[in-house]
Structure formats: structure tokens, C-alpha cells
Amino acid sequence: MASSSSGIVIGLTVAALGTIGYLGYQASANVPLEFDRPKAAASLAALASKAPRDTHDPTALPSNSGTGERVVYSLDDDRVWLVAADGTVRRTFRVVPSTVDPLPGNYTVSSRSGRITGSDGVPVEHVVRFATVDGVTIGFSAAVDPSAPAPATGARTGGIRQSRPDGDAMWRFATVGQRVVVIR
């Protein structure tokens, strides 16, 4: 009796999986054109394109970098803008990028630490974390000793370094939940 019951269960399971597979195929075969993959790829390319810059003032906030209160980080310019809710720039400054970059897009500050040792072994303060890439945590920080050596070539680090005064400003501005916009 147990042998025939298990045969029935196996048969029903195979039939259910076959039905699910058939329905999945039907759903993928009838996807509307507006959801087609080439359009999705095109929108990803647009997201990764470089935000327009002011040719007369390279420190000006790039257009198309979002609206409202936010931190804007430019990968290509190694620059950060702290932007108030009304769109005015409170502060802008250069940074030393990490060896691992986040993808362009919108993030939020997920955690902060007052003072720790960075992934490169350098004591840092005012750490503001907002992304993780392949197991490497990405965030802004300031070296406690600004003369600390750069990370060894090939080291995978996520610390975007800023000066101590800029780190103080970032710490006051970028609390947990603050939006961070990464652009090219």
C-alpha cells in the first residue's frame, strides 16, 4: 500500500511541475513589447551615462543628479556634493575613491561608525556606509592621520576618503536613511 501511495504522489508532483513549466513558457512567450529586454538594457545604459556638467564651473552640481536633500557622489570627478532639500549645495569637495566602486544609482545611508579601523588597516572616523559590492562595503570616511599611506595595489577596499573637515560635514549631513546618488 505504501508503495502505491508514493507512486501517486510522485505522479502528481511530476504533473504539477509540468503544468508550472508550461504556464511559465506561455507567460514568457506572451510578454508585451514594452517589457522586452532591449528596452531594459537601453535604460540601464542611460542610467550609467555621465550626468551633464557645467563647463564654466566644474564644481557646480551636475544636472540630472536628483532632487531634494541628498549626497551626490561622482565616480568620474571624484567629487561629492551635499545638497539641501531646496536643491542648494551646502558643500562640495574632492574625495579619494575606493578601489571598488558602487554602480551609478540611488542608495541610502545604511549605517555609520564614529571611529573604526578601515578595511585597509588605517584608523578612520565619521564612516558613512551606503552600498555593498561583491562583499565589499562602500562608504565615506576620513583618515584620523591624513598622512596614512594609500592601500596596497590590488587591495579591495570600499573607503571613499575625504579630509577630516569634509568628513565632519558629511557626518553631520548624512544620517542613516539619507539618500546617496552615485553618478558617472
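This report describes the fold, the central sheet, the nonpolar cores and the aromatic pairs of a predicted protein model.

## Overall composition

The protein contains three helices and nine strands. Along the sequence, these elements follow the pattern α-α-β-β-β-β-β-β-β-β-α-β.

Of the 184 residues in the protein, 33% are buried. The accessible surface amounts to about 10800 Å², and carbon and sulfur atoms account for 59% of that area. Among contacts with a separation of 6 or more, 52% are between residues 24 or more positions apart.

## The five-stranded sheet

Five strands form an open sheet with mixed pairing, in the order β3-β2-β1-β9-β4. Strands β3 (89–94) and β4 (105–108) stand at the edges; each has a single partner strand, so one side of each is left without a neighbour in the sheet. From one strand to the next, the twist averages 20 degrees.

Strands β1 (residues 70–74) and β2 (residues 79–83) run antiparallel and are joined by five bridges. One residue of this pairing is S74, whose bridge partner in β2 is R79. Helix α3 (residues 164–173) packs on the sheet and touches β1, β2 and β3. The direction of helix α3 makes about 140 degrees with that of β3.

## Nonpolar cores

In soluble globular proteins, nonpolar side chains tend to be buried together. In this model, the largest nonpolar core has 22 residues. Those with the most contacts inside this core are V71, Y73, V80, L82, F130, F140 and M170. The elements that contribute two or more residues to the core are β1, β2, β6 (123–133), β7 (136–143), α3 and β9 (179–183).

The surroundings of L82 give a local view of the packing. Leaving aside residues up to four places away in sequence, L82 touches R70, V71, T88, V89, R90, R91, F93, A169, M170 and F173. A second, separate core consists of five residues, including V72, W81, V181 and I183.

## Aromatic pairs

The structure holds three aromatic pairs. One of the pairings brings together Y73 and F140, whose ring centres are 5.7 Å apart and whose planes stand at 85 degrees. Planes over 60 degrees apart count as edge-to-face, so the pair of Y73 and F140 is edge-to-face. Y73 lies in strand β1 and F140 in strand β7, so the pair ties together parts that are 67 residues apart in sequence. Y73 is buried, with a relative accessible area of 0%, and F140 also counts as buried, at 0% relative accessibility.

Y107 and F130 form an edge-to-face aromatic pair, with 5.7 Å from centre to centre and 70 degrees between the planes. This pair links distant parts of the chain, since Y107 is in strand β4 and F130 is in strand β6, 23 residues apart. F130 counts as buried, at 4% relative accessibility.

## How the features connect

Ring pairs link Y73, Y107, F130 and F140 into a cluster. Three members of this cluster, Y73, F130 and F140, are among the residues with the most contacts inside the largest nonpolar core. Y107 lies in strand β4, which stands at an edge of the sheet. Strand β1, where Y73 is located, pairs with β2 in antiparallel fashion and is touched by helix α3. Both β1 and α3 give two or more residues to the largest core.

Notes. Residues are numbered from 1 along each chain as its sequence is written. This is a predicted model: local features need pLDDT of at least 70, side-chain atom pairs count only at pLDDT 80 or more; totals for chains, interfaces and linings use all residues. Side-chain values use heavy atoms; hydrogens and water are left out. Two strands pair if DSSP finds at least two bridges between them. Helices (H or I, at least four residues) and strands (E, at least two) are DSSP runs, numbered from the N terminus. Axes are lines fitted to C-alpha atoms, for helices over the stretch in contact, and angles run from 0 to 180 degrees between N-to-C directions. Contact means heavy atoms within 4.5 Å. A nonpolar core is a set of buried Ala, Val, Leu, Ile, Met, Phe, Trp, Tyr and Cys residues joined through side-chain atoms within 4.5 Å. Buried means under 20% relative accessible area, exposed over 50%, partly exposed in between (1.4 Å probe, protein chains only). Accessible areas come from the Shrake-Rupley method with a 1.4 Å probe; for residues, only the protein chains shown count as cover. Rings of Phe, Tyr and Trp (its six-membered ring) pair if their centres lie within 6.5 Å; planes under 30 degrees apart count as stacked, over 60 as edge-to-face and the rest as tilted.
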